[in-house]
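Student: I'd like to go through this one with you. Can we take the empty spaces first and then the contacts?

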Amino acid sequence: MTEIVRDRIDVALTVNGEPVEARVPAGQHLIDFLRLELGLTGAHASCEHGVCGACTIRVDGDAVRGCLMLAAQADGAEVWTVEGLTDTGEIADLQAAFVARNALQCGFCTPGMLVAAQELLARGGAPSRGEIREHLSGNYCRCTGYEAIVDAVEAVAMARAGAAAQEGGGGA
Amino acid sequence: MKAAVGGYARARDLRHALELLSSADGMGRVLAGGQSLVAALNMRLTTGDILVDISALADCRGVADDGGTLRIGALTRHAEIGRDPLVRAHAPLLAEAVGHIAHAAIRNRGTIGGAIAHADPAAEFPACALALGAVMRVEGLDGPRDIPVEAFFRDTFETALAEGEILTAISVPKAAPGEVQVIQEVARRSGDYALAGLCLVRRAGRHRLALFSTGPKPMLATAAMAALDGGDTEAAISALKAEIDPPSDTQASGAYRRHLAGVLLRRAVARIEGGTR
Amino acid sequence: MTIAFGNPDRPNSYIGKTVPRPNAPRLVQGRGRFVDDITLPRMAHVAFVRSPYAHARIGGIDAAAAKAVKGVLRVFTGADIAEVCTPWVAVLAHLKGLKSPPQHALATDRATWVGEPVAAVLATTRAAAEEAASLVEVAYEALPVVTDMMSALDETTPVIHPDLGDNLAFRRLHDEGDVEGAFAGAHAVVSARFRTARHTGVTLEPRSILVDWNPAEGQLVAWHATQAPHMMQTVLAKHLALPESRVRVICGDVGGSYGIKVHVYPDEVATAAIAKIMGRPVKFVADRLESFTTDIHARDHIVDARLAVDEAGRILAFDVDDWTAIGPYSVYPRTSAIEGNQVVNLCGGPYDFANYRARTTVVFQNKTPTCQYRAVGHPIAVAITEGLVDMAAAELGMDPVEIRRRNLYADDAYPATSPAKMRFEGLSHHASLDKLVALMDYDALRADQAAARKRGVHRGIGIASFIELTNPSPFMYGIGGARISAQDGCTVRMDPDGSVVALSGVTEQGQGTEAMLAQIVAEGVGVSPSEVRVVTGDTQVTPYGGGTWASRGAGIGGEAALQAARALRDSILEVAAAMLQSEPGRLDIRAGAVVDPDTGEERLSLAELGRIVYFRGDTLPKGLPRELVQTRHFITSEYPFAFTNGVQASYLEVDVETGVVTLLKHWCVEDCGRIVNPQLVDEQIRGGIVQGLGGALYEEIHYDEEGQLLNGSMADYLVPMAAETPDMIVGHVETPTKESLLGAKGAGEAGTAGAPAAVMNAINDALRPLGAQVTEMPFTPERILRALGAIED
């Protein structure tokens with residue numbers, strides 16, 4: 001069986017809705033693959049040990065640490081990065097809220113922060129500030145002190161909840 | 001920080017995974033959720049490993065009702081355990097513990113089997129398994145065997161898993177009527193490893209108390225359990241402090257951890273007796 | 001030349017308004033361009049072999065195994081690099097007695113801290129370079145290690161640099177008035193030993209540099225995550241023997257700086273040297289483990305201090321003995337004596353008193369070098385000052401607000417000179433404190449605290465007044481011989497369509513520099529901010545300047561931009577007057593058009609003016625100046641620094657069983673002079689506060705006695721995260737500086753300066769009824785329980 005242990009692995013996956021086929025080094029993490037091979041530099045490698053959250057991307061519907069997943073493990077996966085989520089418009093309101101509230105300074109944490117926040121927002125409802133803080137507690141930001149980020153996420157949650165309520169009411 | 005691994009193979013099924021491990025000349029490492037292993041690889045704390053990726057083994061994922069027990073597949077992810085109705089109904093300790101484990105993105109990929117096989121003495125799930133009296137289902141090329149949790153954890157990052165074996169499921173007894181399960185811990189920040197923590201289960205008037213982050217492995221505080229069975233909380237706290245010997249590190253001294261364990265036990269007892277904390 | 005800042009309805013009133021940052025949309029879309037995002041043809045990667053010893057002699061270096069790794073291009077030793085790169089010595093003439101040995105980009109004969117680079121591997125990938133670096137065998141001979149600060153000068157302690165004679169880097173004593181007499185006659189004396197822990201910046205983007213040397217053009221280009229591109233141009237030119245005009249430093253998006261990225265790092269200079277040797281692009285991006293052992297550290301101080309008061313609570317004297325240990329080298333070119341010097345300059349800063357003695361002792365040791373990090377010295381000085389003031393209030397049974405009111409400089413006391421000989425142009429301590437007390441509803445909070453205490457819940461209120469040093473003149477570095485510009489410049493140009501480009505020497509690190517400049521230029525010229533394109537961070541095109549440090553971007557860079565913009569406005573109006581057969585004084589520019597100032601009626605669009613000037617200059621009068629580009633530079637001259645002031649408050653809860661502190665809320669009122677963009681200032685304050693909270697509660701680099709760093713990962717070095725951080729209320733008082741038309745002072749460091757002291761005072765306010773007090777940061781659960789006597793060893 002040893003013949004299938006390899007130091008370079010073939011993978012086929014979709015990234016931001018586009019099919020990708022590649023041969024990746026066995027130890028390469030998914031963020032290096034996205035950045036170095038696909039030129040998707042939105043998500044960042046920062047701590048590379050799963051603590052800072054700068055590499056947060058969406059894999060098969062879940063927000064995950066891109067640095068704690070090997071590219072080889074992404075075979076068959078559906079991967080979304082901030083670039084793809086921008087193109088589809090899925091997080092346009094969240095991005096606009098981040099800009100309006102200045103919920104970013106250097107912007108290095110922002111792509112990961114947006115993916116993490118969108119996971120919470122996608123659950124619907126209006127999370128409390130405490131729930132927002134807790135959900136983002138694995139995403140490090142040294143610049144803002146977090147309050148502006150919480151404000152932006154809270155504003156989007158309320159706007160989306162309001163829009164959903166209105167839709168529900170209008171349809172009745 | 002770039003990993004230097006010896007190779008990678010994706011297992012098609014359990015048998016395949018076991019064969020891959022056995023042919024790896026002792027360099028085989030089971031890769032499941034990867035939330036601890038890939039960090040260690042990136043930091044080059046371990047190099048040259050032959051990674052056997054079992055994450056696609058569907059049989060090892062999910063929660064099943066086995067009558068008197070819940071069978072939790074080793075590849076069941078933390079987030080799945082946190083929201084699983086069977087777990088919430090029959091092993092609420094595990095569901096509560098999920099809220100203490102790292103952060104949302106980690107919980108989306110980390111697996112209970114990985115956490116238990118990794119045997120980090122500061123991790124929540126090993127102590128939960130101990131408090132619940134879980135049984136570990138382990139598969140090898142020679143077939144399966146069951147290991148009671150009391151015999152599973154041997155030392156820091158060391159378990160009864162033999163070379164070439166894979167943890168495939170964890171069975172926990174369903175909570176009895178009136179059973180109470182609580183987890184208490186103090187961490188510096190949300191999601192950090194606990195400075196000290198404990199799981200307390202009261203089942204039919206008997207107590208099981210498992211400590212984490214207070215020694216080289218999760219441990220049952222048997223003297224404290226006996227005192228709790230006798231209804232003497234203060235004696236249990238004294239017994240607990242006497243039977244643990246926590247380590248010191250850059251976050252806290254052993255003496256602080258010992259003190260904290262006592263505080264946590266008092267709070268856990270208050271909770272199972274209907275208090276608020 | 002004046003601007004009616006008091007009238008918010010004046011034309012082009014962009015200064016003072018919240019205007020969105022032009023660079024933010026790019027960053028939220030993942031289109032930032034950080035150094036590690038840049039890939040160049042033939043680019044190679046360097047990884048460094050770093051000393052595992054805190055002090056060791058370097059013997060032979062065997063690179064045979066490393067060279068065998070696939071992808072490895074070359075291995076460099078210290079001697080290889082020294083052939084093309086000269087060493088540096090980080091001293092400043094005005095810090096008398098400061099000494100430090102020559103430092104090489106790669107250590108040549110001795111390694112002096114764990115993490116010092118001793119060899120470098122160049123390879124086609126970072127992974128190959130790292131793998132090979134792990135295979136380089138260096139023969140180390142361990143040498144005696146100096147790690148303890150307070151015994152570094154003892155006779156029996158080994159001397160790290162024998163040529164320097166001892167381990168003393170710098171010592172300064174400032175003695176003003178009659179300190180001994182004041183203490184002898186005092187009604188009460190309080191004293192304490194304060195400790196601030198070794199911190200590091202933990203920029204989310206690690207230090208990064210990509211250097212290309214093109215021998216055919218004789219040009220070196222460095223894409224560098226730096227705060228001071230022109231300083232780096234000067235440094236690289238000097239040490240690689242190039243003309244400054246042949247070194248171009250480009251500073252694109254930078255992922256967090258906080259002072260960490262304003263220093264000269266040996267591995268970054270080595271990267272440039274390697275690029276020059278190889279004639280191809282070379283990238284170095286520190287990994288996180290390297291960051292902890294090689295980014296500068298800061299704030300490692302032990303301070304014994306005392307305060308004398310009279311029976312009315314009036315401050316009679318401060319007496320401060322500060323010690324700090326800076327690692328084996330003073331850091332180039334700012335030096336590592338500044339932080340201790342700042343402690344001497346800043347203690348007692350908000351208060352009007354007469355007798356002051358402060359000494360700082362700066363020693364060498366075998367740990368990572370320390371240097372300037374956000375709010376340099378301020379958090380230490382404010383903790384000492386405000387900690388003692390609260391202790392005195394408690395001793396006298398006086399409310400902490402009241403003792404401050406009795407001692408703060410009166411708001412009409414300016415200009416004033418402090419006993420530390422700091423000169424204050426205009427501060428607003430009382431107005432700020434009054435505003436803070438109102439914002440936090442101080443009395444209601446005291447009532448809540450009392451009610452909580454009845455429930456057995458221990459809450460505390462802590463207040464900390466502070467001053468902050470901003471807008472530095474050459475008195476900070478230049479007079480000491482450092483080639484660090486206190487001046488900054490801006491070029492403002494009108495393009496043919498009437499849009500405006502501004503090129504500035506100050507840089508964008510995320511604080512909003514480009515937005516701030518855009519709105520200043522917009523107001524100065526008379527166009528919308530969206531019509532202003534700001535270019536920063538490229539030494540080939542922007543005027544020479546200092547960059548971002550010491551909260552100078554708005555105060556210095558902003559004023560240069562305003563003056564350049566006003567000059568361009570004058571140029572435009574001169575042309576317009578000729579075209580319209582009017583007088584420049586009878587015209588104005590509003591919203592991109594030349595108008596009649598009285599009626600607002602449009603006379604000529606800037607686009608039309610641009611068309612004529614650039615393409616039909618033949619129709620303009622001969623000899624008419626038509627310079628639609630203007631450059632101005634600005635430097636302060638009346639005061640060495642523009643001091644700002646403020647006051648913070650913390651409300652928190654202490655779990656006296658576990659020692660855990662929960663932050664409930666935080667307030668800050670500060671006075672940074674003219675506010676250009678309220679939102680950006682508020683967010684600077686908030687971000688700064690949280691960095692200060694990190695120091696108060698979490699951040700501490702640990703070493704063992706052998707100089708091994710024990711917690712060099714993000715799992716072990718704790719920074720503030722969202723879940724533990726409180727909401728913060730920010731208020732302002734505006735006392736513009738008269739040194740500039742704009743009137744702006746700095747705001748970038750005030751939050752960090754005051755937050756740790758506010759938290760310390762709040763914790764001690766909570767603990768005081770229990771007879772406990774903490775003064776050693778960070779205030780870990782364990783330290784709090786030990787203060788309470790709750791832990792049995």
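Student: Which residues lie nearest the centre of the largest cavity?

Tutor: In this predicted model, C:Gln511, C:Thr548, C:Ser551, C:Gln684 and C:Gly748 lie nearest the centre, out of 46 residues that line the largest cavity.

Student: Which elements give two or more residues to that lining?

Tutor: Helix H14 (513-525), helix H15 (553-580) and helix H17 (678-697), which belong to chain C. H17(C) gives the most, with three residues.

Student: How much space lies in the largest cavity?

Tutor: About 740 Å³. The lining divides into 19 nonpolar, 21 polar and six charged residues.

Student: And how many cavities of 30 Å³ or more are there?

Tutor: The count comes to 11.

Student: Pockets next. What volume does the second largest pocket have?

Tutor: About 1,300 Å³. Its lining takes in 43 residues, and the closest to the centre are A:Pro25, C:Thr125, C:Arg126, C:Ala127 and C:Ala128.

Student: Which elements supply at least two residues each there?

Tutor: From chain A, strand E2 (18-25) and helix H1 (30-37) do; from chain C, strand E1 (44-50), H4 and E13 do.

Student: How does that lining divide into nonpolar, polar and charged?

Tutor: There are 17 nonpolar, 10 polar and 16 charged residues in the lining of the second largest pocket.

Student: Back to C:Arg126. Which residue does C:Arg126 form a salt bridge with?

Tutor: C:Asp287, with the closest N and O atoms 3.2 Å apart. The pair links distant parts of the chain, 161 residues apart: C:Arg126 is in helix H4 (residues 126-133) of chain C, and C:Asp287 is in the loop between strand E13 (282-285) and helix H8 (288-294) of chain C.

Student: Why does C:Asp287 count as buried?

Tutor: C:Asp287 counts as buried because its relative accessible area is 10%, and the cut-off for buried is under 20%. C:Arg126 is at 12% relative accessibility, so C:Arg126 counts as buried as well.

Student: What about C:Arg306, what does its side chain meet in a salt bridge?

Tutor: The side chain of C:Glu180, at 3.6 Å from N to O. This pair also links distant parts of the chain, with C:Arg306 in strand E15 (residues 301-309) and C:Glu180 in helix H5 (residues 179-184) of chain C, 126 residues apart.

Student: Is C:Arg306 buried or partly exposed?

Tutor: C:Arg306 counts as partly exposed, at 24% relative accessibility. C:Glu180 counts as partly exposed too, at 44%.

Student: How many salt bridges does a search of the whole structure find?

Tutor: It finds 79 over all chains. One of the others joins the side chains of C:Arg783 and C:Glu776, at 3.4 Å from N to O. C:Glu776 counts as partly exposed, at 34% relative accessibility.

Student: OK, interface. How many residues does the contact take from chain A and from chain C?

Tutor: 45 residues from chain A and 47 residues from chain C. The area buried between the two chains is about 3,800 Å², and carbon and sulfur atoms give 55% of that area.

Student: Which three residues of chain A supply more of the area buried against chain C than any other three?

Tutor: A:Gln105, A:Tyr140 and A:Arg142, which supply 21% of the area that chain A buries against chain C.

Student: How many salt bridges between chain A and chain C?

Tutor: Seven. Among the salt bridges of the model is the one between A:Arg101 and C:Glu683, with the closest N and O atoms 2.9 Å apart.

Student: Which residues are linked with A:Arg101 in a network of salt bridges?

Tutor: A:Arg129, A:Arg133, A:Glu147, A:Asp151 and A:Glu154 from chain A, plus C:Glu683, C:Arg686 and C:Asp727 from chain C.

Student: Switching again. Where does C:Glu205 lie?

Tutor: C:Glu205 lies in the loop between strand E9 (199-200) and strand E10 (208-214) of chain C. At 2% relative accessibility, C:Glu205 counts as buried.

Student: What is C:Glu205 in contact with, leaving aside its neighbours within four places in sequence?

Tutor: With A:Phe108 from chain A, and with C:Phe34, C:Val35, C:Ala225, C:Asp253, C:Val254, C:Gly255 and C:Lys261 from chain C. C:Val254 is 49 residues from C:Glu205 along the chain, and their C-alpha atoms are separated by 7.3 Å.

Student: Last one. Why is helix H9 of chain C largely enclosed by the rest of the structure?

Tutor: Because nine of the nine residues of helix H9 (residues 338-346) are buried. Among them are C:Ile338, C:Glu339, C:Asn341 and C:Leu346. H9(C) is followed by C:Gly348, which has a positive phi, near 75°.

Conventions: Residues are numbered from 1 along each chain as its sequence is written. Chains are lettered from A and ligands numbered from 1 in the order in which they are written. This is a predicted model: local features need pLDDT of at least 70, side-chain atom pairs count only at pLDDT 80 or more; totals for chains, interfaces and linings use all residues. Side-chain values use heavy atoms; hydrogens and water are left out. Buried means under 20% relative accessible area, exposed over 50%, partly exposed in between (1.4 Å probe, protein chains only). Helices (H or I, at least four residues) and strands (E, at least two) are DSSP runs, numbered from the N terminus. On a 1 Å grid over the protein atoms alone, a cavity is a set of points where a 1.4 Å probe fits but cannot get out, and a pocket is an open set with protein on both sides within 12 Å along at least five of seven lines; lining residues have an atom within 4 Å of a point. Grid points are joined across faces, edges and corners, and a volume is the space filled by probe spheres set on the points. Ala, Val, Leu, Ile, Met, Phe, Trp, Tyr, Cys and Pro count as nonpolar, Asp, Glu, Lys and Arg as charged, and the others, Gly among them, as polar. Contact means heavy atoms within 4.5 Å. Buried area is the accessible area (1.4 Å probe) that two parts lose on being put together, summed over both. A salt bridge is a side-chain nitrogen of Lys or Arg within 4 Å of a carboxyl oxygen of Asp or Glu.
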